[in-house]
Amino acid sequence: MNATRRFGYAIDKRYLPVLLPFLLRPATDGVTLTEQGALLATFGLFKISTPLSNVTGAHITRNYRWWTAFGVRMSRADDGLTFGTNHDGGVCIHFAQKVASPLRRSGHSALTVTVADLDGLTAALGGDKEAPAAPSA
């Protein structure tokens with residue numbers, strides 16, 4: 001990777017009251033791929049980071065249930081984590097080694113992020129290198 005790339009969130013403004021308690025910063029939060037080879041995802045007070053070499057795949061997921069798509073949440077189906085700002089679509093990023101967060105020190109094997117440029121982030125992460133899993137949002 002030659003330059004740092006930032007992917008901001010696609011925020012559904014109707015749900016800002018749900019997002020405000022997380023202290024979401026629309027101008028600065030999102031997913032950053034650094035020129036040093038790291039992935040950094042921030043959502044207000046929450047942050048996770050991992051080397052890009054730990055990313056095994058990324059694919060687009062769509063049409064989440066609106067009541068589960070907003071804020072920071074863990075999946076009930078697996079150990080996935082979601083940073084959600086809309087219910088339309090996101091990118092599910094898979095990790096070789098679990099990535100710790102303040103919600104689960106033992107780590108998450110996937111992170112779903114509802115960025116504005118779904119195709120751009122997916123392509124920047126090398127596309128889907130594994131079979132798509134069920135959405136974690």
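This report walks through the salt bridges of the structure above and the burial of the residues that form them. The model is predicted, and it holds 3 salt bridges. Here they are side by side.

| Acidic residue | Basic residue | Closest N to O distance |
|---|---|---|
| Asp12 | Arg14 | 2.6 Å |
| Asp29 | Arg25 | 2.5 Å |
| Asp79 | Lys98 | 3.0 Å |

Let's start with Asp12 and Arg14, whose salt bridge has its closest N and O atoms 2.6 Å apart. Asp12 has a relative accessibility of 12% and therefore counts as buried. Arg14, at 60% relative accessibility, counts as exposed. This bridge thus has a buried residue at one end and an exposed residue at the other.

Next come Arg25 and Asp29, whose side chains meet in a salt bridge at 2.5 Å from N to O. The relative accessible area of Asp29 is 0%, so this residue is buried. Its partner Arg25 counts as partly exposed because its relative accessibility is 40%.

That leaves Asp79 and Lys98, joined by a salt bridge with 3.0 Å between the closest N and O atoms. This pair links distant parts of the chain, with the two positions 19 residues apart in numbering: Asp79 sits in the loop between β6 (70–74) and β7 (81–85), while Lys98 belongs to strand β8 (residues 89–99). As for exposure, Asp79 counts as buried, since its relative accessibility is 11% and the cut-off for buried is under 20%.

Note on methods. Residues are numbered from 1 along each chain as its sequence is written. This is a predicted model: local features need pLDDT of at least 70, side-chain atom pairs count only at pLDDT 80 or more; totals for chains, interfaces and linings use all residues. Side-chain values use heavy atoms; hydrogens and water are left out. A salt bridge is a side-chain nitrogen of Lys or Arg within 4 Å of a carboxyl oxygen of Asp or Glu. Buried means under 20% relative accessible area, exposed over 50%, partly exposed in between (1.4 Å probe, protein chains only). Helices (H or I, at least four residues) and strands (E, at least two) are DSSP runs, numbered from the N terminus.
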